[in-house]
Structures are given as structure tokens and as C-alpha cells.
Amino acid sequence: MADSDTQFDVIVVGAGVMGSSTAYHLAKTGNRVLILEQFDFLHHRGSSHGESRTIRATYPEDYYHDLVMESYELWKMAEAEIGYRVYFPAEQLDIGPFEDKSLVAVVETCRKHSIPHLVLDRGQLAEKYSGRVEIPADWVAVWSKYGGLIKPTKAVSMFQTLAYKNGAVLKDNAEVVEIKRDGSSGGIVISIANGESFRGKKCVVTVGAWARKLVKSVSGIELPIQPLEVAVSYWRIKEGAEAEYAIGGGLPTLASYGNPYIYGTPSWEFPGLIKVAIHGGHLCDPNKRTWGSGEQLPIAVLKEWIEGRFGGRVDSSEPAATQLCMYSMTPDEDFVIDFLGREFEKDVVIGGGFSGHGFKMAPVVGRILSELALKGEAEGVELKYFKIARFEENPKGNVKSFADQVKLH
């Protein structure tokens with residue numbers, strides 16, 4: 001094998017949406033890039049597959065605002081380069097009890113960053129959406145135009161295609177078993193399960209639910225990233241109401257704060273079905289999953305929520321379909337974006353722990369990871385909330401005034 005086939009400026013380990021976006025940003029700036037994926041490209045074993053993800057600017061944590069707003073623009077930029085759409089606009093609606101601290105923080109974020117929004121009571125919400133979305137008398141709703149949906153598998157394919165068009169080398173079924181210093185060049189040597197080795201000046205690790213295992217094996221660092229298996233449920237819209245809940249009909253993407261946090265999307269991927277799911281799952285080993293179809297879902301909670309939100313227009317008797325996914329959870333539900341350090345210093349960058357809400361920000365995360373690898377810093381972003389060291393100072397990570405959103409069940 002020629003040296004040119006094994007030597008790269010940057011090697012990206014993991015070809016989910018974060019790794020694929022990183023490879024795209026690296027390749028379009030003229031770097032020689034290799035991306036390694038342990039399974040087939042576009043597989044369904046991680047966190048980057050499926051039919052839809054939401055995007056919203058209304059975060060309780062205000063430090064995500066700039067990342068989301070830049071991502072809106074970067075999604076559109078990548079779409080222009082590829083020639084097809086992966087992002088589809090929608091309004092966003094955050095709802096919950098009026099005293100819920102997360103929802104209060106959402107309003108504070110909107111005010112701080114001048115996000116156009118409306119705070120609606122029960123009657124105002126019913127009027128705005130003609131009874132399609134309802135809330136109890138002691139709840140409020142926060143409306144914003146910054147919502148939307150993203151096609152996940154299509155988006156990953158888009159980034160991989162653009163990376164390839166810009167010269168990146170893509171290799172799947174290539175499980176990384178070792179990352180070490182190159183004693184001769186000072187760069188990084190990466191070995192895969194079939195015995196092949198590749199050399200890079202820099203390395204970016206974006207392996208999702210496998211981050212904890214891989215990072216510990218190559219560096220001894222124990223990242224507090226816990227995989228969850230998550231079941232996403234779809235519910236049948238009653239006959240005659242299908243158009244009222246379809247994308248493009250004005251229905252917003254939904255975030256419902258409380259215990260549990262529930263989210264929903266307009267009918268899109270499966271005609272006649274609406275996605276309503278709990279933001280949570282059960283602990284799992286990503287290599288030993290049960291592949292159940294949602295038996296552990298708290299169905300009673302979802303049924304009650306659906307009965308109270310959609311005016312009887314959605315059948316709450318049972319889910320019509322479920323799909324499985326994984327989250328990679330940190331204790332504070334914030335990302336890990338940092339240098340691995342120790343003997344790798346700034347030559348290995350880690351992106352992980354996206355905690356079930358990172359997909360929407362993949363374009364900007366890819367930019368950040370690429371700049372950290374190439375320049376040692378990322379322009380225009382504050383990364384202190386995403387440092388590994390925060391868990392040394394406090395095992396629970398960033399301190400927040402509101403409860404965790406993701407629940408175990």
C-alpha cells in the first residue's frame with residue numbers, strides 16, 4: 001500500500017452525523033481526510049439514523065443559542081452544495097406548567113437573545129392552532145418561529161457525499177482498535193481490526209455510544225458518557241384529521257416540559273402517523289442491545305399526554321409503530337467537545353456525549369471539531385461548558401437551576 005493511501009492530515013473516527021460533518025468541513029478546506037466507520041455507512045446501530053430530528057432555538061441553556069442559529073445557516077449552506085433538502089422549517093412550541101423552571105429558562109433565553117416569541121395561555125393557544133394543540137389551565141405555551149425538522153440518514157449521507165466530493169477517503173467496516181502516538185513523526189497512528197494502520201497529523205473521535213469504551217482503551221480516561229437505548233413512538237391520527245397534523249399545515253414541533261419531558265413532530269415520515277415520544281430510555285451496552293420494540297416505554301404516561309394535547313384527534317390506545325435509537329448521555333446532558341490531552345495533547349479531539357439533542361447542531365459541531373484539530377481553537381464559540389475537566393470539578397458537570405430533561409425508564 002502506497003504511503004499516500006495511509007497518510008492523512010486528519011483522521012476522523014466515527015461516521016455518524018458528527019464525524020461526517022467534521023470530515024466535510026475538513027475536506028472542503030483542502031485537507032487530506034480519512035473517515036473510518038466500524039459498521040456499514042448509514043447503519044442503524046447508533047444515533048444518526050432514522051426519519052426525523054427536530055431543530056429549535058428555544059433552549060433552557062442559553063449557551064446553545066449561538067450554536068443552533070449558526071447551524072440553521074450551515075444546514076442551508078450544505079443543502080445548496082448538494083442540491084437537495086434535509087432541513088424543513090416549522091414553528092416551535094414549548095409547553096408546560098407555568099412554574100416549570102426549564103420553561104421559565106426558555107423564556108429567559110428568548111429575551112436574552114431577542115428571539116421573537118409569544119407566551120400564550122390555554123385560550124390563546126387553542127385559538128392559534130384551532131384546537132389542534134391543547135394545554136391544561138395551569139400551563140403556558142412559548143411559541144417561536146425557530147423550529148423545524150431534519151432528515152437524519154439523508155443528512156449523514158449529504159455530509160459524506162460532500163466530504164467525498166472534496167477529496168476525503170471514506171472507509172467503513174473498519175473498527176478502530178488502537179490510537180497511539182507515532183514515535184517517528186509525532187503524529188497519530190490508528191489501527192483497525194483487520195490489521196491495517198493509518199497515520200494522521202491529527203485525529204477527531206466521534207464514535208457516539210462507543211466513546212466511553214474507545215477513549216478509555218486508548219487513553220485511560222474515563223468519560224462519563226452513558227449509552228441509552230431509546231424507543232421512539234408513532235401514533236395514528238384519526239381519520240379526517242390527517243391533514244391538520246401534517247408538516248406544512250402549520251403544526252409546530254413540540255417540546256413538553258415536566259416529568260417526563262415529551263416531544264412531538266408533525267406527521268411527516270409516515271403518512272397518518274404523528275411522532276410523540278418520551279425524551280429518555282434505558283441503560284444499555286451498545287454491543288449487547290436487546291433490540292426490543294419499546295416494551296419498557298411508559299405507555300400510560302404517553303397515552304395521557306396525547307389525550308390531553310390533541311383534542312381527541314389522535315388515537316392514544318397504543319403506538320402504531322416504534323423505532324429504536326441511542327443516546328450518549330453525560331451527567332449534565334451537555335456535550336463533550338475537547339482535546340483528549342495527556343500524551344495526545346491537542347492532536348486528538350473528542351466530540352461526544354450529545355445526550356439526545358445534538359443532531360440539530362451537527363453542522364456547527366463539525367466546524368468546531370475541524371478547527372480544534374487544525375488550529376487548536378474554534379472561532380466565535382465559548383467551549384467552557386463542554387470541557388472534560390468540568391467533571392473533575394463536579395462529577396455532575398455543569399450546575400443548572402432546572403431538572404434534567406432525559407429520564408431513565
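What follows is a walk through one internal cavity, one histidine and several aromatic pairs of a predicted model.

Residues are numbered from 1 along each chain as its sequence is written, and because the model is predicted, local features need pLDDT of at least 70 and side-chain atom pairs count only at pLDDT 80 or more, whereas totals for chains, interfaces and linings use all residues. Side-chain values use heavy atoms, with hydrogens and water left out.

A search of the whole structure finds 1 cavity of 30 Å³ or more, a cavity being a set of points, on a 1 Å grid over the protein atoms alone, where a 1.4 Å probe fits but cannot get out. Its volume, the space filled by probe spheres set on the points, is about 100 Å³. The lining, made of residues with an atom within 4 Å of a point, consists of Arg56, Tyr59, Pro60, Glu61, Tyr257, Tyr261, His279, Glu333, His357 and Gln405. These residues divide into 4 nonpolar, 3 polar and 3 charged, where Tyr and Pro count as nonpolar and Glu and Arg as charged.

His65 belongs to helix α2, residues 65-82, helices being DSSP runs (H or I) of at least four residues and strands runs (E) of at least two, numbered from the N terminus. At 10% relative accessibility His65 counts as buried, a term for residues under 20% relative accessible area with a 1.4 Å probe and protein chains only. The side chain of His65 makes a polar contact (a pair of N or O atoms within 3.5 Å, one able to donate a hydrogen and the other to accept it) with the side chain of Asp66, at 2.9 Å. Leaving aside residues up to four places away in sequence, His65 touches His113 and Ile115, contact meaning heavy atoms within 4.5 Å.

The structure also holds 19 aromatic pairs, in which rings of Phe, Tyr and Trp (its six-membered ring) have centres within 6.5 Å, with planes under 30 degrees apart counted as stacked, over 60 as edge-to-face and the rest as tilted. One of them joins Trp75 and Phe159, a tilted pair with 5.5 Å centre to centre and 35° between the planes. Trp75 lies in helix α2 and Phe159 in helix α5 (residues 152-165), so the pair ties together parts that are 84 residues apart in sequence; both residues are buried.

Phe335 and Phe386 form a stacked pair, because their ring centres are 5.5 Å apart and their planes are at 25°. Phe335 is in the loop between β18 (321-329) and β19 (336-339), and Phe386 in the loop between α8 (362-375) and α9 (390-393), 51 residues apart. Both Phe335 and Phe386 are buried, and ring pairs link them with Tyr59, Tyr63, Tyr64, Phe354 and Tyr385 into a cluster.

Methods:
1 Å grid on protein atoms, 1.4 Å probe; cavity = no way out; pocket = protein on both sides within 12 Å on 5 of 7 lines; lining within 4 Å. Buried < 20%, exposed > 50% of the residue type's maximum accessible area, 1.4 Å probe, protein only.
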